Amino acid sequence: MGELLGKVLVVDDDEVIRQLIAVNLHLEGFEVATATDGQDCLEQVLEVMPDVITLDVMMPFLDGWTTAHRLRTEEATSHIKVVLITARAQDDDKVRGRGIGVDAYLTKPFDPAELIQVVRDLAAGSRR
C-alpha cells in the first residue's frame, strides 16, 4: 500500500451510500471515517481532522447546509475542503453552496469515479 492520499470524513444518513463512498475512497488510498449526520460530523471533525468532508445535504438533525456553514465559521475547521452531495441540483442550491464556501458540489446519483477525482483534487490542494 502506498502513501495515504489524505483523510476523508464521509457524512450521509443513508448507510448504503455512506458505505459506497467510504469503500470507494478507501480502495483509492484514502483514510476514511464516517458520520451519520451533521451533528455526528461536527462531533468527530476535530478528532479526525480530515482533508476533505463529503457532506450529504438532506439529513435529519442537522442538514448539510447548516453543517457546512458551521464548518466554515469555526476557525479550527474553516480550512477543510467540503464536497456537498445532494439530489437537489437547482441553480439556487449551487449558489447557496458557493455562498457558504463549499469547494465542490455533486448531484445524486453521482459517478463514483467523479467523486474520487473531486476528492483527490481537493485533498491534493489542501496538502500543498
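## T36, in a loop

T36 sits in the loop between β2 and α2. Those labels come from DSSP runs, numbered from the N terminus: helices are H or I runs of at least four residues, and strands are E runs of at least two. With a relative accessible area of 36%, T36 counts as partly exposed, because that class lies between buried (under 20%) and exposed (over 50%), using a 1.4 Å probe and protein chains only.

Now look at who T36 meets. Not counting residues up to four places away in sequence, T36 touches D12, D13, R18 and M59, where contact means heavy atoms within 4.5 Å. Take D12: 24 residues separate D12 from T36 in sequence, yet their C-alpha atoms are 5.3 Å apart in space.

## What you're looking at

This is a predicted model, so local features need pLDDT of at least 70 and side-chain atom pairs count only at pLDDT 80 or more, while totals for chains, interfaces and linings use all residues. Residues are numbered from 1 along each chain as its sequence is written, and side-chain values use heavy atoms, with hydrogens and water left out.

## Two helices side by side

How do α2 and α3 cross? The axes of helix α2 (residues 38-48) and helix α3 (residues 64-73) come within 9 Å and cross at roughly 20°. Axes here are lines fitted to C-alpha atoms, for helices over the stretch in contact, and angles run from 0 to 180 degrees between N-to-C directions. That makes α2 roughly parallel to α3, because angles under 35 degrees get that name (over 145 is roughly antiparallel, 65 to 115 roughly perpendicular, and the rest oblique).

Which residues make the contact? From α2 come G38, Q39, C41, L42 and V45, and from α3 come T67, R70 and L71. Sorted by class, that's 4 nonpolar, 3 polar and 1 charged residues.

## The nonpolar cores

A nonpolar core is a set of buried Ala, Val, Leu, Ile, Met, Phe, Trp, Tyr and Cys residues joined through side-chain atoms within 4.5 Å. The largest one has 20 residues, and the members touching the most others are L9, V11, C41, I53, L55 and L84. Two or more residues each are supplied by β1 (7-11), β2 (31-35), α2, β3 (52-56), α3 and β4 (81-86).

Zoom in on L55: leaving aside neighbours within four places in sequence, L55 is in contact with V11, G64, T67, A68, V82, V83, L84 and I85. Apart from the largest core lies another, of 18 residues, including I17, F110, L115 and I116.

## D93: buried or exposed?

D93 belongs to helix α4 (residues 91-100). It counts as buried, at 3% relative accessibility. Leaving out residues up to four places away in sequence, D93 touches W65, R88 and Y105.

## Backbone oddities

Two residues have a positive phi without being glycine: M49, at about 45°, and F61, near 70°. M49 is in the loop between α2 and β3, where M49 is partly exposed at 33% relative accessibility. F61 is in the loop between β3 and α3 and is exposed, with a relative accessible area of 75%.

Finally, check the peptide bond from K108 to P109: it's cis, with omega near -5°. You'll find P109 in the loop between β5 (104-107) and α5 (112-126).

Terms used. Ala, Val, Leu, Ile, Met, Phe, Trp, Tyr, Cys and Pro count as nonpolar, Asp, Glu, Lys and Arg as charged, and the others, Gly among them, as polar.
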